[in-house]
Amino acid sequence: MTSLKSDSGSTLKDTSVYDVIVVGAGFGGMYMLHELRKIGLNVLVLEEATGVGGTWYWNRYPGARCDVESMEYSYSFSDELQQEWNWSYRFSTQPEILEYANHVADRFDLRKHIKFKTRVNSVSYESGEKKWLLRSTSGEEFQGRYCVMATGTLSSVNEPKFSGLDEYKGDWYITGRWPHDGVDFSGKTVGIIGTGSSAVQAIPVIAKQAKHLTVFQRTANYSIPAKNRPLSSFEIKDIKSRYSDIRREAKANRAGIASMEPGLNSALSVSEAERYEEYQRRWEEGGTGFTAAYSDIGTDDDANFTAAEFVRDKIRETVIKTETAELLAPTNTIGCKRLCADTDYYETYNRNNVTLLDVNTDPIKGLVEEGVQTENNVFKFDIVIFAIGFDAMTGALLSMNITGKEGIQLRDIWSDGPQSYLGLSMAGFPNMFTITGPGSPSVLSNMMTSIEQHVEWIRDCLHYMEMGGYTEIEAKALAEESWTGHVEEIAGNTLRYTCNSWYVGANIPGKKRIFMPYAGGIPSYREKCDQIAASDYEGFDIS
Ligand code: FAD
Ligand code: N01
């Protein structure tokens, strides 16, 4: 890496013009770096954190782990890597996933190309010179012919905007920005706001340690037992012996998960007894594959109701206090919000030291010196946790103030919701690519499968550019418009549109309601991307 030189005393300028600047050193950015080096490009990765791992670097809250099985939630690009690495659990813990990310960085010698502690906050295209200029919050400047945004879909946290946060005398934490040295809950009264996937994982663990835990719920979420367990050496050996088949099956699966086992029949085409048996089998198997039991759970209200009612009954069976069980039983369609996978989530509400509150009947007014003030009460807490999610899919990109050709701002272009060609590229922003951007399967899939597909597509595209002596590639506005319309149309055929999820940006006040990921599944998406590449990048202007 070229050292930064002082430019007119105030700006630190890296004088090199890199072939590619990648922003983000999570799984997306790390693999992008690896593949671009393989085709001989000079790459610099800029990363805000002090280490690699992205999601797994930041989300260190108690109980954090993946919910796609670890043997599949891992890179497939190197057989040596997948053969040498041993996962401990069916769904491994955050520390182990972070250790894996570090292992990958060391094994493939990635660190020397990554500049840590560098948050990019300005990105602009210099049309004359055909290069991207990136600036960091500390005033450093970097230049690259291409720019790849590997900034993550769930990386920009939904900052708590509750009034009185400054007055609150206790400690408070955000799940997605958890302190590295952990938090000791022993003997503490704790309040947690939110009941999404992060909270569902954290609540059972915190409840075991804290003196008392109060959960503030706005919308009840469906959660399926993860049935997590240590992986036996026999299982690991067996999977490793079949790894190439498993990875091939993952690529052919809608969600990018070989073990997903999609049901092909309508839930309404079988008898009630048969349906119950299938739901029960999947419940016992554990994990989010539950909603794949029948082909129409995601598209038909009546089919969806059968799965939703099964889970509601399980909640009622598990939670002893009727009032609490009813509060925990979700009323929206199952799978509309991201399904959760848990270890003892509902059981935790049977503990004497856990209280569930409904913020719809007693809304949170804000924080006060002692804790959380609702309309009717003041709850005293030593610790408050905000498990309120992310400004998903667009937050990280928009926070970088990206300016494209002729001074156009991504923020303006996306004011009515994100527009992108394939979730990979935006009209007006030449030579820029996004990994798992809005308009791609991304968060509706095993992200590892999607990341690898995007990285390999971008690598091949840049190879094509270099080999052809081309210098600029840009999505055509018409192609982008047509793809964005297609994404919307596909989503409109599903029930995912029917609730206030982060998929539609409803968790962020003022965010335009639009379904952001592509719901058509990985195989059809991959086919489309491959076809575009094979036809000399149809839908792109190349010069
Ligand atoms: P990230 O891991 O988010 O990395 C993005 C990186 O970019 C970060 O390191 C960030 O610091 C950096 N960055 C962002 N903006 C800037 C900037 N302006 N300047 C410099 N650096 C910047 N997906 C699954 O498929 N299965 C799972 O089981 C699963 N579990 C999850 C659990 C949690 C708690 C969360 C939050 C998400 C989970 N996900 C899961 C989604 C997860 O985000 C992806 O699987 C994957 O880790 C994303 O990798 P990434 O590299 O694309 O993005
Ligand atoms: O965030 P969320 P998350 N007052 O947005 C509530 C991945 N992930 O961090 O539903 C009160 O899901 C909000 O309420 P409502 C996964 O993709 C995976 O938990 O908007 N409450 C909701 O209950 C996941 O989907 C894992 O009504 C407020 C919660 O906060 C994504 O990351 C683990 C509020 C936020 O839930 C995000 O999950 C963790 C307010 N003002 C994360 N604002 C795995 O297991 C928000 N809420 C793999």
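Is Glu35 buried or exposed? This question opens a set of exercises on a predicted model.

**Exercise 1. Classify both ends of the salt bridge between Lys38 and Glu35.**

Step 1. Start with Glu35. Its relative accessibility is 1%. Buried means under 20%, so Glu35 counts as buried.

Step 2. Turn to Lys38. Its relative accessibility is 58%. The cut-off for exposed is over 50%, so Lys38 counts as exposed.

Step 3. Check the distance. The side chains of Lys38 and Glu35 meet at 3.1 Å, N to O. A salt bridge needs a side-chain nitrogen of Lys or Arg within 4 Å of a carboxyl oxygen of Asp or Glu, so the pair qualifies.

Step 4. Place the pair. Both residues lie in helix H1, residues 27-38. They are 3 residues apart, which is about one turn of the helix.

**Exercise 2. Find which parts of the chain are linked by Glu285 and Arg90.**

Step 1. The side chains of Glu285 and Arg90 form a salt bridge of 3.4 Å, N to O.

Step 2. Glu285 belongs to helix H8 (residues 272-285), while Arg90 sits in the loop between helix H3 (79-84) and helix H4 (94-107). With their positions 195 residues apart, the pair links distant parts of the chain.

Step 3. Compare the relative accessible areas. Glu285 has 45% and is partly exposed. Arg90 has 3% and is buried.

**Exercise 3. Describe the salt bridge of Glu141 and Arg135, then name a network of such bridges.**

Step 1. Glu141 and Arg135 meet through their side chains at 2.9 Å, N to O.

Step 2. Glu141 is buried, with a relative accessible area of 8%. Arg135, at 31%, counts as partly exposed.

Step 3. A network of salt bridges links Glu309, Arg312, Asp313, Arg316 and Glu326. The count of salt bridges in the model comes to 29.

**Exercise 4. Which residues form a negative surface patch, and where is Asp166 found?**

Step 1. The negative patch is made of Asp166, Glu167, Glu369 and Glu370.

Step 2. Asp166 is in the loop between strand E7 (140-149) and strand E8 (171-174).

Step 3. The relative accessible area of Asp166 is 81%. Because exposed means over 50%, Asp166 is exposed.

**Exercise 5. Work out what Lys251 touches, leaving out residues up to four places away in sequence.**

Step 1. Lys251 lies in helix H7, residues 243-252. At 35% relative accessibility, Lys251 counts as partly exposed.

Step 2. Its contacts are Thr449, Ile522, Pro523 and Arg526.

Step 3. Take Thr449 from that list. Lys251 and Thr449 are 198 residues apart along the chain, and 6.8 Å separates their C-alpha atoms.

**Exercise 6. Locate Ser450 and Ser76 and list their contacts, leaving aside neighbours within four places in sequence.**

Step 1. Ser450 is part of helix H14, residues 447-468. With 4% relative accessibility, Ser450 counts as buried.

Step 2. Ser450 is in contact with Thr436, Pro441, Ser442, Ser445 and Ile522.

Step 3. Ser76 is in the loop between helix H2 (55-58) and H3. The contacts of Ser76 are Gln82, Arg247 and Glu452.

Step 4. Ser76 and Ser244 are 168 residues apart in sequence, and their C-alpha atoms are 8.4 Å apart in space.

Key: Residues numbered from 1 in each chain as written. Chains lettered and ligands numbered in written order. Predicted model: local features only at pLDDT ≥ 70, side-chain atom pairs only at ≥ 80, totals over all residues. Heavy atoms only, no water. Helix = DSSP H or I, 4+ residues; strand = E, 2+ residues; numbered from the N terminus. Buried < 20%, exposed > 50% of the residue type's maximum accessible area, 1.4 Å probe, protein only. Patch = residues over 30% accessible without salt bridge, like charges linked within 9 Å, V, L, I, M, F, W, Y side chains within 5 Å. Areas by Shrake-Rupley, 256 points an atom, 1.4 Å probe, with all protein chains shown as cover. Lys, Arg positive; Asp, Glu negative; His and termini not counted. Charge placed at Lys NZ, Arg CZ, Asp CG, Glu CD. Contact = heavy atoms within 4.5 Å.
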